[in-house]
Amino acid sequence: MKKRINCDVGAGKKANDKISISYDSLLLYGITEIADMEIGFMIQDDDYNEIKTGPRQIQTNIVDQYDYQKLSYREAIVSDAIQNEYQYNVAYFSDKVLYEQNGISILSSIFMENKDEEMAVALEVKNTSEQAIHVIAKRVSINGLIVYDGTWTSSTINADKTGILDINLNDILETNLWDIYGIEEVGSVEITLDFKDENWNEVMEETTVTIENPEVSSKFNSEGVEVYNVDGVRILMKDIIKEDEDYSEDLYILLLVENETDSSITLDDSYDSFSINGYMTDAMMSSITLESGSSAILEIEVFESDLEENSISDVSDISEIEVGMELEKNNGNEEEIVLTLTP
């Protein structure tokens, strides 16, 4: 549970500040009474010298009677009363241990759906090591389709403590894209996790965990217009859409990449190689790595200002898009490929 304070204290002075924790947040974790709290401080002077205190514990008068062994989070998160109060439902829950190594255990997993039909996944992670551990979620797949390849979120778990790592899947894959990629319901989610110490040094090898609901089919739509198919690397165009929001009218080119080679591949943008209707323009594409046999979403964004410079106000104004990419294979070979896309 991340809570912060930030206050300035002059030399020889004192300051009062507070940390507020909502009752709703506590209740979702199954906390109805407080036996102790741990707070760590980072103190910095005017020259930016830092002192980290590490966790400091505050105990209340019930600490000697509190049952630290009870499974309060698991009992609360699946209870009908909590689901009704906070308007979500549990689509799947499991207390199967997904990972256990070097003092880190993933004790339970859950799929939750809120009243807006947004889906989230949460992992209960326990740290029995002697130091705080940063648990980092890096790559996320839904139903076997890689939807995000970078670092998404992290949770810091103190020694001998438990934390909840949660991901709203509709934040990582925008709601309007679920239909385009044929994800009707969530049958499985894969998350690659990395583990680092307090100084962000790696303490163990990254691992991939899979949360799978056996009652739901894990599928996505692999159909589209083929725009590249060479030596086991296949790229399909799914759609070209333009946002129609008050704050943004950016253009998104939505692709699906399949790696049927016997090794991993990486796709990255090729500098100064993107054009619309024959005019060079800027675009943003994040690199993505696919292991053998995997499929991934590849999204290219063109900003509203760049569209305006080329007199494009709608997808119908586009006759042709040309995209250059760098394709790197596991053997170190690198080549440039060019895609020609027609809306």
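Let me start with Y148, which is partly exposed, because its relative accessible area is 29%, and a residue counts as buried only under 20%. Its partner is W152, and the two form an aromatic pair that is edge-to-face, with 5.0 Å from centre to centre and 75° between the planes. W152 is likewise partly exposed, with a relative accessible area of 32%. I should say at once that what we are looking at is a predicted model, and that the values I quote are computed from it.

A pair of aromatic rings is described by the distance of the centres and the angle of the planes. With that in mind, let me turn to the other pairs, since the count for this protein comes to five aromatic pairs. One of them joins Y66 and Y68, whose ring centres are 5.0 Å apart and whose planes stand at 80°, so this pair is edge-to-face. In this pair Y66 is buried, with a relative accessible area of 18%, while Y68, at 45% relative accessibility, counts as partly exposed.

Let me now step back to the protein as a whole. Its secondary structure comes to six helices and 23 strands, and the C-alpha atoms fill a box of roughly 70 × 55 × 45 Å, taken along the principal axes. Of the 343 residues, 42% count as buried. The accessible surface comes to about 19700 Å², and 41% of that surface belongs to carbon and sulfur atoms. As for how the chain meets itself, if we take the contacts with a separation of 6 or more, residues 24 or more positions apart account for 58% of them.

What lies in the interior? The largest nonpolar core has 41 residues, and the residues with the most contacts inside this core are L123, L169, L173, I191 and L193. Strand β7, which covers residues 133–142, gives the largest share of this core, namely five residues. A second core, separate from that one, has 33 residues and includes V233, L251, L327 and L341. To return to L173 for a moment, and leaving aside neighbours within four places in sequence, this residue is in contact with I142, V147, W178, I183 and I297.

A charged residue also deserves a look, and here I would point you to D194, which lies in strand β11, residues 188–196. Is D194 buried or exposed? D194 is buried, because its relative accessible area is 4%, which falls under the 20% cut-off. Again leaving aside neighbours within four places in sequence, D194 is in contact with H134, V135, I136, K138, E202, M204 and E206.

From the interior we can move to the surface, where a nonpolar patch of about 710 Å² is made by I5, I19, I21, I34, M37, F41, I43, I51 and I58. The elements that give two or more residues to this patch are β1, residues 36–44, and β2, residues 50–59, and the largest share, three residues, comes from β1. I51 is found in strand β2, and at 53% relative accessibility I51 counts as exposed, because the cut-off for that word is over 50%.

Finally, let me take you to the loop between α6, residues 304–309, and β22, residues 321–329, which is the place of D317. D317 is partly exposed, with a relative accessible area of 32%, and, not counting residues up to four places away in sequence, D317 touches N277, S311 and I312. The C-alpha atoms of D317 and V302, which are 15 residues apart along the chain, are separated by 14 Å.

S311, one of those contacts of D317, has its place in the loop between α6 and β22 as well. At 64% relative accessibility, S311 counts as exposed, and its phi is near 55°, a positive value in a residue other than glycine. Phi of Q87 is also near 55°, again a positive value in a residue other than glycine. Q87 is found in the loop between α3, residues 80–86, and β3, residues 88–94, and Q87 is partly exposed, with a relative accessible area of 46%.

Terms used:
Residues are numbered from 1 along each chain as its sequence is written. This is a predicted model: local features need pLDDT of at least 70, side-chain atom pairs count only at pLDDT 80 or more; totals for chains, interfaces and linings use all residues. Side-chain values use heavy atoms; hydrogens and water are left out. Patches are made of residues with over 30% relative accessible area and no salt bridge: like charges are joined within 9 Å, nonpolar side chains (Val, Leu, Ile, Met, Phe, Trp, Tyr) within 5 Å. Accessible areas come from the Shrake-Rupley method with a 1.4 Å probe; for residues, only the protein chains shown count as cover. A salt bridge is a side-chain nitrogen of Lys or Arg within 4 Å of a carboxyl oxygen of Asp or Glu. Helices (H or I, at least four residues) and strands (E, at least two) are DSSP runs, numbered from the N terminus. Buried means under 20% relative accessible area, exposed over 50%, partly exposed in between (1.4 Å probe, protein chains only). A nonpolar core is a set of buried Ala, Val, Leu, Ile, Met, Phe, Trp, Tyr and Cys residues joined through side-chain atoms within 4.5 Å. Contact means heavy atoms within 4.5 Å. Rings of Phe, Tyr and Trp (its six-membered ring) pair if their centres lie within 6.5 Å; planes under 30 degrees apart count as stacked, over 60 as edge-to-face and the rest as tilted.
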